[in-house]
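Q: I would like a careful, close look at a single part of this structure, with enough of the surroundings to place it. Please take the whole chain first and then go through the chosen part step by step.

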Amino acid sequence: MAGTDMDPEVARGLFEEGATLVLLGVPEGTELGLDYKTWTLGPRFRGVKMIPPGLHFLHYCSANSNGAYSEIGPKMGLFLSLKPREVLVAHWNKREEDLEFSQDPEEAERIRANLRELDGYLGPYPYDTLRKWVSLTDRLSQEVAIALQPLSGRVCAFSDVVPELNLTHTKDREEQNLPRNDQECQSMKEGLDKLPRMKQREGTELRFSNIPKQAYPPGATPAQITQYSMDRSYALNSVLESHYKEQPLNVLGELQFAFVCFLVGNVYEAFEHWKSLLALLCRSEEAMKERKDLYLGLIAVLYHQLGEIPPDFFVDIVSQNNYLTSTLQDFFQFASSPGVDGTLRKRAEKFKVHLTKKFRWDFDADLDECAPVVVELPEGVTVD
């Protein structure tokens, strides 16, 4: 784990006030990261020191050495909220290939008393990535992160699944009117039907807000159904009412949580939720007129998130069916409506100019079905 160049004053402050994560017994070769940085661990690693107090994401892939080969397991992660000078201790559980956090306050005190001796085995927090990390999580509180992460406490890149039904014997399958397993398949469909239906193991699911499938209120007239299908404010208000009644802006924390779980934790399901939540926010015209602060916050959140994804990534994934460009095109169109607050309207216009320069997207053109529209920039204008 390499050292990090750091301003001496900052280093002194973090040494005095920073938290310490003591991770004992983690196998050499494990890929472990904190927030935006990942390391491959050497034999001397015992943890991370000088961690700024606040919310952090610890993530790791276990390493198994099998003779000449070493295998890296799926990525797991968890959100931690660290207090100034806190010492948090975890031991590696070989059987589970996971960290177990110590509940023994005496052990933490014992280690705190010996931190000087342990110092040479602790890597400093990657201060050079702190600004980036804060910009991606500034709306995400400890309470929101805890409410969204699985009950198991672990965010897993691959779902832990179990069969929906325990069908051990042929007669079990017959009772459920399912095809027998002891007969040859006549088609691909028949083969797929014989596979067990799987569901996520209880307690391992991410607990995202439930976005209503019905975009309009019960008993809506045909005119209202048409209106709410185009303007999704009813569905957005339902989400805010159900999950964020006291603090509506915490929905931006959920958007950040989903993005971090995808970008750092490699959870594809989180990316899908990020897209759904973003579409809900961007396509709620009435809400945009009523919730200025929410939408000023959304622009700031998106500015940092889109800044962290390489432009070619959009061509490969995000822009399938022009998802992002069409969603943002709707957002910019709604944001320019007469009823929208002037500050929000100007901020949205500046953001549109920024994205047009950065990704060469033209939000004023009719989008075709395949890819983002690329515009030719005037001579002398560079893409930052």
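How many helices and strands are there in the protein? For the close look, which residues of helix H16 are buried, and which residues on the other side are exposed?

A: The model is a predicted one, and in it the protein has 16 helices and 14 strands. Of its 384 residues, 43% are buried, and the accessible surface comes to about 21000 Å², with 49% of that area belonging to carbon and sulfur atoms. Among the contacts with a separation of 6 or more, 70% are between residues 24 or more positions apart.

Helix H16 covers residues 342-359. At 1.5 Å a residue, its 18 residues should span 26 Å, and because the C-alpha atoms at its two ends are 26 Å apart, the expected span and the distance in the model agree. The buried residues of H16 are Leu344, Ala348, Phe351, Lys352, His354, Leu355, Lys358 and Phe359. Viewed down the axis of H16, these buried residues fall within an arc of 165°, so they line one face of the helix. Lys346 and Lys350, by contrast, are exposed and lie on the other side of H16. Lysines therefore appear in both groups, since Lys352 and Lys358 are listed among the buried residues, whereas Lys346 and Lys350 are exposed, with buried here standing for under 20% relative accessible area and exposed for over 50%.

The two ends of the helix can be described as well. At the start of H16, Asp341 places a side-chain oxygen within 2.9 Å of the backbone nitrogen of Thr343. Just after the helix, Arg360 takes a positive phi of about 60°.

Elsewhere in the chain, a positive phi near 50° is taken by Glu97, which belongs to the hairpin of S9 and S10, where four residues stand between the strands. Strand S9 (residues 87-93) and strand S10 (residues 98-101) pair in the antiparallel sense over four bridges, and Trp92 stands opposite Leu99 in S10.

The surroundings also include an open sheet of five strands in the order S3-S2-S5-S8-S12, with antiparallel pairing. Its edge strands are S3 (37-40) and S12 (155-156), each of which pairs on one side only. Strand S8 (residues 76-82) pairs with S12 in the antiparallel sense over two bridges, and the bridge partner of Gly77 in S12 is Val155.

Technical notes
Residues are numbered from 1 along each chain as its sequence is written. This is a predicted model: local features need pLDDT of at least 70, side-chain atom pairs count only at pLDDT 80 or more; totals for chains, interfaces and linings use all residues. Side-chain values use heavy atoms; hydrogens and water are left out. Two strands pair if DSSP finds at least two bridges between them. Buried means under 20% relative accessible area, exposed over 50%, partly exposed in between (1.4 Å probe, protein chains only). Contact means heavy atoms within 4.5 Å. Accessible areas come from the Shrake-Rupley method with a 1.4 Å probe; for residues, only the protein chains shown count as cover. The expected span of a helix is 1.5 Å times one less than its number of residues. The arc is that of the directions from the helix axis to the C-beta atoms. A polar contact is a pair of N or O atoms within 3.5 Å; within protein, one must be able to donate a hydrogen and the other to accept it, and residues adjacent in sequence count only if both atoms are side-chain atoms.
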